[in-house]
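Work through the exercises below with the sequence and the 3D view side by side. Try each task before reading its solution.

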Amino acid sequence: LNLESITSLADLKKLRRLHDEIETQVRSLNNLKLQPENYAPVLIPVLMTKLPSDLKVIISREFGKSIWNILSLLQIIRRELEAREKVF
């Protein structure tokens, strides 16, 4: 909940920091033997409030009508971030 909100998809440093922090927290939850299906419905909406609107559109397009998965969400963020880091 204390993660910084990112307003621009061009702010790659903040986006990288956010991604890495989310990934660390998800790994910690997994180490506690918590299943992603149990915490994802609470965590995903919170994370979405921290992301820039352009990235939210990309994520929504990727998921479509399928069930949202926290690991897939991280993968989409990572893929978009890596693509943008290569360009800049």
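The exercises that follow concern a predicted model.

**Exercise 1. Find which residues of helix α3 are buried, and where on the helix they lie.**

Step 1. Locate α3, which runs over residues 53–63.
Step 2. Pick out its buried residues: L55, I58, I59 and F63.
Step 3. Look down the axis of α3: these buried residues fall within an arc of 125°, so they line one face of the helix.
Step 4. The general rule behind such a pattern is that an α-helix has 3.6 residues a turn, so residues three or four places apart point the same way.
Step 5. Ask what covers the buried residues of α3; the cover includes α1 (12–31), α2 (36–50) and α4.
Step 6. Go to the residue just after α3: G64 takes a positive phi of about 60°.

**Exercise 2. Check the span of helix α4 against the value expected from its 18 residues.**

Step 1. At 1.5 Å a residue, α4 should span 26 Å.
Step 2. The end C-alpha atoms of α4 are 26 Å apart, which agrees with the expected span.
Step 3. Seen down the axis of α4, the buried residues fall within an arc of 160°, so they line one face of the helix.
Step 4. Those buried residues are I70, L73, L74, I76, I77, E80 and L81.
Step 5. Their cover includes α1, α2 and α3.
Step 6. At the N-terminal end, α4 is capped by N69, with a side-chain oxygen 2.6 Å from the backbone nitrogen of L71.

**Exercise 3. Decide whether E80 is buried or exposed, and list what surrounds this residue.**

Step 1. Place E80 in helix α4, residues 70–87.
Step 2. Compare its relative accessibility with the cut-off for buried, which is under 20%. The value for E80 is 18%, so E80 counts as buried.
Step 3. Setting aside residues up to four places away in sequence, E80 touches L9, L55 and I58.
Step 4. Look for a polar partner: the side chains of E80 and R84 are joined by a polar contact of 2.9 Å.

**Exercise 4. Describe the surroundings of I22.**

Step 1. I22 belongs to helix α1.
Step 2. Its relative accessibility is 5%, so I22 counts as buried.
Step 3. Apart from neighbours within four places in sequence, I22 is in contact with L3, L47 and L74.
Step 4. Turn to the pair I22 and L43, which are 21 residues apart in sequence; C-alpha to C-alpha, the two are 9.7 Å apart in space.

Note on methods
Residues numbered from 1 in each chain as written. Predicted model: local features only at pLDDT ≥ 70, side-chain atom pairs only at ≥ 80, totals over all residues. Heavy atoms only, no water. Helix = DSSP H or I, 4+ residues; strand = E, 2+ residues; numbered from the N terminus. Buried < 20%, exposed > 50% of the residue type's maximum accessible area, 1.4 Å probe, protein only. Polar contact = N/O pair within 3.5 Å; in protein donor to acceptor, adjacent residues only side chain to side chain. Contact = heavy atoms within 4.5 Å. Arc of directions from axis to C-beta. Expected span 1.5 Å × (residues − 1).
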